[in-house]
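Reader: I would love a friendly walk through this one. Could you show me the model, so that we can talk about its sheets and its cysteines?

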Amino acid sequence: MSERHVLTINAGSATLKIGVYRAGGPGGTAGDPRQLWRIKIDRLGSDEAELQASGADGQRLGRRLGRRSHAAEALDDLLDFLGEAAPGLAFSVVSHRVVHGGPELHRPLAVGPAVLDVLRGFSPLAPLHQPHNIAGIEAACRAFPDALQVACFDTAFHRGQPRVNDVYALPPAFYDEGVRRYGFHGLSYEHIAECLPEVSPRLAGGRVVIAHLGNGASMCAIVAGRAVASTMGFSALDGLPMGTRCGQIDPGVLLWLMQSKGLDADAISDLLYNRSGLAGMSGVGADMRTLEASTDPAAAFAIEHFTARIRHETGALAASAGGIDGLVFTAGIGEHSARVRAEVLRGLRWLGFELDETANEAGGRDHDGDAIRRITTADSVAEAWIIPTDEEAMLARHGLDVLGSPEGKGRGG
């Protein structure tokens, strides 16, 4: 059997990540796909974008790129690097993270022109991501015309949550038209849920809040592995403040901006998506590393507000789950910021969390993320963990599943 290779493309609001995988074991035998390369471009939107790559053989490479405004602009850098690192490598399937799947697309599926047209229709609901997700699919179609293109949706993991947590208090006709709470970061939550049985069997069968904290940030409550509630809703704006997004806001503020300030929809969208959040509050920047290194009081206050909102949402999600047995920190800030984790957990003692300061401050492995570890004391009633997310591994598995399904038979080389 010839080897099958999978390329994964994950375009975030401030990062672009590519994974190169070989299907199963040696020769493409059964088993989880094996990662050969992990390539990441970080700090998109700044003048300090950089590429970092790690190979399965321990090779580490990096290069400064300068300004890259968004993921679509940086994709050519990744494809050029891939051509250098793995020249001539053929892919059977290219698996893409797509942020919004709307009310109907809730499983990974092969992408053709009709599906792309549907996905373009969701761009206004996720303007920082969806256009770049689509651009990645289009670029991969040009670069790898013989590969099966697969879309995996961040909204899919949340589709089974109770209807009471899925609706807004609007007339039902709006729900029927798709106005509902979708939730996002589903590939990350799916990965964490699959890790829990090995990490903590108690949490795998219990009530857990997962905090996906990065430039985009959300939280999700799961009970026995299934999503029950999320901080994000109809769009990727709701819930926690983020790098440049406002998070939760009173709709009356939007009406005031329209009626008293004369802002139109485009101006309000620019404010909420691009000029708010940590960057807007601090005036220093959107990156948590920059904020933590700053001596500006506004930067410290932005972090204080961010952690206060995390504690608030933890309590709300615990109520939706009927209690809480554990909290998991993941994604860039969640995995790397000891300060954020400590500020969150010190304010959650009332929920049974006792922070282990030493474990929380302990160094991780390398730039790919911190090692899995518990950061609450042995006698803490509730557990808190750091579990690195791996959306690329989920993308690779889902891509191979579609390739092996009737939908993918005879396609992808």
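Author: Happy to. This is a predicted model, and a good place to begin is an open sheet of 8 strands with mixed pairing, in the order 5-4-3-2-1-6-8-7.

Reader: Which strands stand at the edges of that sheet?

Author: Look for strands with a single partner strand, since one side of each is then left without a neighbour in the sheet. That description fits strand 5 (60–66) and strand 7 (109–110).

Reader: Which helix packs on this sheet, touching strand 1, strand 6 and strand 8?

Author: Start with strand 6 (residues 93–98) and strand 8 (residues 148–153), which pair in the parallel sense over 6 bridges. Val93 stands opposite Leu148 there. The helix that touches both, along with strand 1 (5–11), has a direction at about 170° to that of strand 6. It is helix 3 (residues 130–143).

Reader: Now the open sheet of 6 strands: what is its order?

Author: Strand 9 (residues 207–213) and strand 10 (residues 217–223) run antiparallel, joined by 7 bridges, and His212 has Ser218 as its bridge partner. Strand 11 (226–230) and strand 13 (373–374) each have a single partner strand, so they stand at the edges. With mixed pairing, the order is 11-10-9-12-14-13.

Reader: How many disulfides does a search of the whole structure find?

Author: Take Cys152, which is buried, with a relative accessible area of 1%. Its sulfur is too far for a bond, because the closest cysteine sulfur, in Cys141, is 14 Å away. Cys195 is in no disulfide either, with the sulfur of Cys220 nearest at 15 Å. The search of the whole structure gives a count of 0.

Definitions and conventions: Residues numbered from 1 in each chain as written. Predicted model: local features only at pLDDT ≥ 70, side-chain atom pairs only at ≥ 80, totals over all residues. Heavy atoms only, no water. Pairing = 2+ DSSP bridges. Helix = DSSP H or I, 4+ residues; strand = E, 2+ residues; numbered from the N terminus. Contact = heavy atoms within 4.5 Å. Axes fitted to C-alpha atoms, helices over the stretch in contact; angles between N-to-C directions. Disulfide = S-S within 2.5 Å. Buried < 20%, exposed > 50% of the residue type's maximum accessible area, 1.4 Å probe, protein only.
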